[in-house]
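Subject: Structure handover

Hello,

Here is the structure I promised to pass on. My notes on what turned up in it follow below.

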Amino acid sequence: MRRSFGVVGICLLQTICIVWAQEMPADSLEMYMDSLFRELPEVIVRGERPIVKAEAGKLVYDMPRLIRDLPVENAYDAIKQLPGIVDMGEGLQLAGQQVNVVIDGKVSTLSVAQLNELLKSIPASRLSSAEVMFAAPARYQVRGPVVNIVLEKGTRSSSSLKGELYSSWNQKHYETLQERASLLYQDQKLSTDLLYSYTYRRSLFETEKEAVHTLSDGRVHPLEMYTRRTGKGHAHNIRWGMDYSLPRQQQLSLVYTSQLSEQSSREYSRGNEISDVSSGGENYMHNVKADYRSSFGLSAGAGYTFYRSPGHQTLSSILEKEQLDLYSENEQRIDLRRVYAGQEHSLSKGWKLNYGISYQDVADRSFQYYYDPQSGDFLSDASAKSRREEKTFNGYAGIGASLGKKASLDASLAAEYYHTAVWNEWTLYPTLNFSYLPAAGHILQFSLSSNKSYPPYWSVQDVTSYLGAYSEIRGNPLLKPSAGYRTSLGYILQSKYVFTGFFNYTKDRFLQLLYQSPEKLTEIYTYMNLDFEQTAGLQATVPVRAGRWMQSRFTLTGMYMHQKDSDFWDLSFNRRLYTFIATMQHTFTLSAKPDLKFILTGFYQNRAIQGNYDLPRSGNLNAALRWTFAAEKTQLTLQGEDLFDTSGISPRIHFGNQLVTNRYIHTHRAFILSLSYKFGDYKEKRREAVDTSRFK
């Protein structure tokens, strides 16, 4: 099956060349498992008519038209349709960089895992347009690529109530059920919306491990293990938001977000290691955020986030007569406070000036306590408790202008002071976005930006978590933030063909990597800093249309990857790789009345590297049948994801005396049935999320 993907890739290349010639005139366990999966950037453009325009250093997409013929049920899937956006499992990326999502220009305080869940619980019909910037201007108070979601707006002479109901069933080996309800009320001064979603899921995870572990005394241990893990959990998402219009074109906004979840799992291993592990935990997140906007360009706001995740684990494991029996309790508690203020001025000749400040402080109170499961005695040597304080002060200034009818510029500079018990430093962040329209339907965009990424809070704790007698996760208190620099040049031809070149350089890139200890029979997962990581790539997208019955899109991305670490334990590596990715998407209109569409998508990714890991090639084929009826208020969708179950990979390490292969044999194939119903001429309203990307 996997060999057939090479043929698919060749066919895609041939098709792209033919279409180009025709169209031209004369894109715990999950912690370390998720970090292994890597996708390369893709570019997606929808439709034959222009759906994108350039203004003030950004690309503005018409979201309803972009997703009109696609089986998109939620905001997460809708944003993935934007050019260059790709789902990395742990978050959305644009040209290899993590994307920041902001709403109506407001600072997003939402993070990776919880942001994904919230976006998946929000109906796609809430989106109006999307502004894509490869480099976020400083006034957004985020760095790196940004997608600004613009909401549907409008004043009403009378009040209205709208809503949507949604239900879906996802069947892999086990089932996942999601229910969702949304309400929106509007009158002349008040707009308030409420979203509630409930998700129940069961999961199966199976791994076959083959390893050869060499110790410093010369002993060699061949290891074979099979691990089966089953889990279940449920989650509640609640969001309430309010916008109130004050006199003199002032506006006050208030948003409350809550995420409550509970999960449990049971795992056993057989082979060289015999183990039985049961674990469970809860997550509680509450966020409240208030914003004020004036008629003269002043904006100010404050927010508070409380996060708590208590958990427990019972472990019994034997490896070559060495037995490990432990009971543990752990908890992460985060208190995050943030305030900001900004001002914008309109100057003469179309120039604009903006500046502002923000302050954030975080208190992280975490512990991990171990006990003897037989006697209940507290094991003080293995236990740890910590309290970390983190403070960030940011000041920025920027300018923007339309340079005639064909060019626009947005430039800014931010200065940030970051303080912890380990780090105390100032950093400057320049940003530049420049757009040029040489002719109608042609857009040239250049961007330059810098960024700093901070590791998850739990990864810098001086604690050890045991997955069994053989595997453990260690914290790294000396882990450094990563500093990134990025430039890109994009060209949009005839408002539909997209070509992008990019280069990214990241100093001190942190990754969670695996190392087989030479001192004892233990494999260690820990976050470590590389010397650097750099990527360079080219992307090309070609849309094809055959009348009104078929719309297709082909994307090809080529990439060069380079990662170096001169101090990886007692080893070092300097790795380079050329790779590529090809995608296709076809939408077939089977019938206009009734409205029936069939969607077929395919994906192929060649090899990749991640530190000392080798990631093999993979691919998938997805299909969906969508029926819209009842005056376009009801939509029934049947989807099949990864029909041939080929998207899973088996990462391996064959480097020096490090020999490990993990085969993930759980299924990725899924069948999804979903039904949505809108009432009251519903147009949904999106709310920004809460940043919990560094939480556990």
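Please keep in mind that this is a predicted model. I start with the long hairpins, where strand β15 (residues 298–319) and strand β16 (residues 322–346) run antiparallel and are joined by 22 bridges. Within that pairing, Gly-303 has Arg-338 in β16 as its bridge partner. Two residues lie between the strands of this hairpin, and Glu-320 has a positive phi there, near 50°.

On to the next hairpin. β16 is also joined to strand β17 (residues 352–371), by 20 bridges, and the two run antiparallel. Asn-330 is matched with Gln-368 in β17 as its bridge partner. The hairpin of β16 and β17 has five residues between its strands, and Lys-349 in the turn takes a positive phi of about 60°.

Aromatic residues come next. The count of aromatic pairs comes to 20. One of them is Phe-367 with Tyr-369, a stacked pair with ring centres 4.4 Å apart and 20° between the planes. Tyr-369 counts as buried because its relative accessibility is 18%, under the 20% limit. Tyr-505 and Phe-532 are also stacked, at 5.6 Å centre to centre and with 20° between the planes. Since Tyr-505 belongs to strand β25 (residues 497–507) and Phe-532 to strand β28 (residues 532–546), this pair ties together parts that are 27 residues apart in sequence. How exposed are the two partners? Tyr-505 is partly exposed, at 28% relative accessible area, while Phe-532 counts as buried at 14%. Separately, one aromatic cluster is made up of Tyr-327, Phe-367, Tyr-369, Tyr-371 and Phe-378. There is also a charge over a ring: the charged end of Arg-180 sits over Tyr-166, 4.1 Å from the ring centre.

Now the N-terminal strands. Strand β2 (residues 58–62) is mostly covered, with four of its five residues buried. Strand β1 (residues 52–55) runs antiparallel to β2, and four bridges join them; Lys-53 has Val-60 in β2 as its bridge partner. β2 is also joined by four bridges to strand β7 (residues 127–133), again running antiparallel. In that pairing, Asp-62 stands opposite Ser-129 in β7.

The nonpolar cores can be read alongside this. In soluble globular proteins, nonpolar side chains tend to be buried together. The largest nonpolar core here has 31 residues, and the members that touch the most others are Leu-82, Ile-85, Val-147 and Ile-149. At least two residues of this core come from each of β1, β2, α3 (63–66), α4 (75–79), β4 (92–94), β6 (100–103), β7 and β8 (146–151). α4 supplies the largest share, four residues. A second core, separate from this one, has 30 residues, among them Met-225, Ala-469, Met-559 and Ala-608.

A smaller topic is one of the sheets. This open sheet has four strands in the order β22-β23-β27-β26, and its pairing is mixed. β22 and β26 (510–516) are the edge strands, each pairing on one side only. Neighbouring strands in the sheet are turned by 25° against each other on average, direction ignored. Three bridges join β22 to strand β23 (residues 471–474), and these strands run antiparallel. Thr-464 stands opposite Arg-474 in β23.

Two single residues are worth listing. Gln-461 is placed in the loop between β21 (442–453) and β22 (464–466). Is Gln-461 buried or exposed? Its relative accessibility is 4%, so Gln-461 counts as buried. Beyond four places in sequence, Gln-461 touches Asp-364, Ser-366, Ser-386, Arg-388, Gly-475, Asn-476 and Pro-477.

Leu-223 is found in strand β12 (residues 220–246). Leu-223 is buried as well, because its relative accessible area is 2%. Its C-alpha is 6.0 Å from that of Asn-272, although the two residues are 49 apart in sequence. With neighbours within four places in sequence left aside, the contacts of Leu-223 include Lys-209, Glu-210, Ala-211, His-213, Asn-272, Glu-320, Tyr-470 and Leu-521. Glu-320 is the residue noted above for its positive phi in the hairpin of β15 and β16.

Regards

Terms used: Residues are numbered from 1 along each chain as its sequence is written. This is a predicted model: local features need pLDDT of at least 70, side-chain atom pairs count only at pLDDT 80 or more; totals for chains, interfaces and linings use all residues. Side-chain values use heavy atoms; hydrogens and water are left out. Buried means under 20% relative accessible area, exposed over 50%, partly exposed in between (1.4 Å probe, protein chains only). Contact means heavy atoms within 4.5 Å. Two strands pair if DSSP finds at least two bridges between them. A nonpolar core is a set of buried Ala, Val, Leu, Ile, Met, Phe, Trp, Tyr and Cys residues joined through side-chain atoms within 4.5 Å. Axes are lines fitted to C-alpha atoms, for helices over the stretch in contact, and angles run from 0 to 180 degrees between N-to-C directions. Rings of Phe, Tyr and Trp (its six-membered ring) pair if their centres lie within 6.5 Å; planes under 30 degrees apart count as stacked, over 60 as edge-to-face and the rest as tilted. A charge sits over a ring if NZ of Lys or CZ of Arg is within 6 Å of the ring centre and within 35 degrees of the ring normal.
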